[in-house]
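Open the structure in your viewer and keep the selection box handy. We will go stop by stop, choosing a few residues at a time.

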Amino acid sequence: MSKSRREVVAAGAVVWRMNGRKLEVLLIHRPRYDDWSWPKGKLDDADESLPMCAVREVQEETGVPVLLGVKLPTVRYKLAGGEKKVCHYWAATAVDPEGPAAGALHARGKIKKCSKHEVDQVRWVEARKAAKLLTRSDDKEPLGALLDLWEDDVLRTWTLLVVRHGRAKKRSAWKGGESTRPLTPAGQKQSANLVPLLAAFGVQEVISSPWERCAATVRPFAEASDNDVLLAPEITESSAKKRPAGVRALVDDLLARPREVTAVCTHRPVLPFVLEAVTKRSPHRVAKRLPKENPYLRTAEVLVIHMARRNHRKARVVSVEAYRPTS
């Protein structure tokens, strides 16, 4: 039996908010199973990313559009038929559909709320009390991780996404200048499939190398979310080679303070300088998970970096994760 048949893959989120000084989380009740659980569900199709599945399922089951934060522990258990279910979770916060993230929400496409036959109650519960209400004991694992983040004062984060451009025509096959070398058809599909992935994290600002293969990689998302692509000459291959400090300075500025969710698209040879800036703000447990070897990221792969600043100290990387759209 294939792995895909043995495993049912799902994604969801632990949606949280502060109510005064109390941390609350959002639970759902499913009448079919008569259980209390986190909003979650299976991938729509083979092209859907786990992050997009998570935000879609949360909105379908609760009616609440959310932005993803830190990745939480994955829950694994066996179903009645013997299959293994693997549920991926993120911390998440509700977002104003008319606020700054409106463009990213629009880029997700239309999401309809599910029927009362699937979910008949949605309830905000004080986080520690939620552990007693959850039906499945395995669901307490992501809750425990969320509580740890809250107690360490690093639950509220901001996010930077580093994107390597999509698959481009080979240098040997392109007769024009290096700055105009375009994406291949596969690269164009990757850029189209990046749209829901960037939308899942609520990207509000798009920065790119001016060279065509980078700008073209993030252009579909920018158009879908009604954003401009801000061009940063310091992150072209040639500029980074001449002045790597410019790359490090740009990235460090994006990491240093809370800001809107930002995506930066650049080239493989520039990534070592980007990662140097990220490493400087990473504790050892995170730094050892950062890419260390060439090519660092594959074409169109996205490194998602979650930042927090505790007690007005220097901003630090809380966690990192990586995703790549299909091509």
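A residue is called buried here when its relative accessible area is under 20%, and exposed when that area is over 50%. Keep in mind along the way that this is a predicted model.

**The whole chain**

Start with everything shown as a cartoon. The protein has 11 helices and 13 strands. Its radius of gyration is 20 Å, close to the 20 Å that the globule rule gives for 327 residues, so the protein is as compact as a globular protein of that length. Turn the C-alpha trace onto its principal axes and you will find that it spans about 65 × 45 × 40 Å.

Now switch on the surface. About 15800 Å² is exposed, and carbon and sulfur atoms supply 48% of that area. Of the 327 residues, 52% count as buried. If you draw contacts between residues at least 6 apart in sequence, 70% of them join residues at least 24 apart.

**Strand 2 and its partners**

Select residues 22–30, which make up strand 2. Eight of the nine residues in this strand are buried. Which strands pair with it?

- Add residues 7–19, strand 1: strand 1 and strand 2 pair in the antiparallel sense over four bridges. Look for Met 18, whose bridge partner in strand 2 is Leu 23. These two strands form a hairpin with two residues between them, and Gly 20 in the turn has a positive phi of about 70°.
- Add residues 35–37, strand 3, which runs antiparallel to strand 2 and is joined to it by three bridges. Here Arg 30 stands opposite Asp 35. This is a hairpin too, with four residues between the strands; Asp 34 in its turn has a positive phi of about 50°.
- Add residues 121–126, strand 7, joined to strand 2 by six bridges, again antiparallel. Leu 27 stands opposite Arg 123 in strand 7.

**The six-stranded sheet**

Next, select strands 8 to 13. In what order do the strands of this open sheet lie? The order is 10-9-11-8-12-13, with mixed pairing. At the edges are strand 10 (229–231) and strand 13 (316–323), each of which pairs on one side only. Look along the sheet to see its twist, which averages 25° from one strand to the next.

Zoom in on strand 8 (residues 158–164) and strand 11 (residues 262–266). They pair in the parallel sense over five bridges. For a landmark, pick Leu 160, which stands opposite Thr 262 in strand 11.

**His 165 and its surroundings**

Move on to His 165, in the loop between strand 8 and helix 6 (185–200). With 8% relative accessibility, His 165 counts as buried. Show everything it touches, leaving aside neighbours within four places in sequence: the contacts are Arg 213, Cys 214, Thr 217, Cys 265, Thr 266, His 267, Thr 299 and Ala 300. For a distance check, take Pro 196: it is 31 residues from His 165 in sequence, and the two C-alpha atoms are 16 Å apart.

**The cysteines**

Two of the contacts just shown, Cys 214 and Cys 265, lead to the next stop. How many disulfides does the model contain? The count is zero. The cut-off is a sulfur-to-sulfur distance within 2.5 Å. Cys 265 is in no disulfide, as the nearest cysteine sulfur, that of Cys 214, is 4.2 Å away. Cys 265 is buried, with a relative accessible area of 0%.

Now select Cys 53 and Cys 87. The sulfur of Cys 53 is 9.5 Å from that of Cys 87, its closest cysteine sulfur, which is too far for a bond. Cys 53 is also buried, at 0% relative accessible area.

**Backbone stops in the loops**

Finish with the backbone. Ala 300, one of the contacts of His 165, is in the loop between helix 11 and strand 12. Its phi is near 65°, a positive value in a residue other than glycine. Is Ala 300 buried or exposed? At 0% relative accessibility, Ala 300 counts as buried.

Pro 295 is in the loop between helix 11 (284–287) and strand 12 (302–308). Check the peptide bond from Asn 294 to Pro 295: it is cis, with omega near 20°.

For the last selection, choose Asp 226, in the loop between helix 7 (212–224) and strand 10. Asp 226 has a positive phi of about 60° although it is not a glycine. At 73% relative accessibility, Asp 226 counts as exposed.

Note on methods: Residues numbered from 1 in each chain as written. Predicted model: local features only at pLDDT ≥ 70, side-chain atom pairs only at ≥ 80, totals over all residues. Heavy atoms only, no water. Pairing = 2+ DSSP bridges. Axes fitted to C-alpha atoms, helices over the stretch in contact; angles between N-to-C directions. Rg over C-alpha atoms; globule rule 2.2 N^0.38 Å. Buried < 20%, exposed > 50% of the residue type's maximum accessible area, 1.4 Å probe, protein only. Contact = heavy atoms within 4.5 Å. Areas by Shrake-Rupley, 256 points an atom, 1.4 Å probe, with all protein chains shown as cover.
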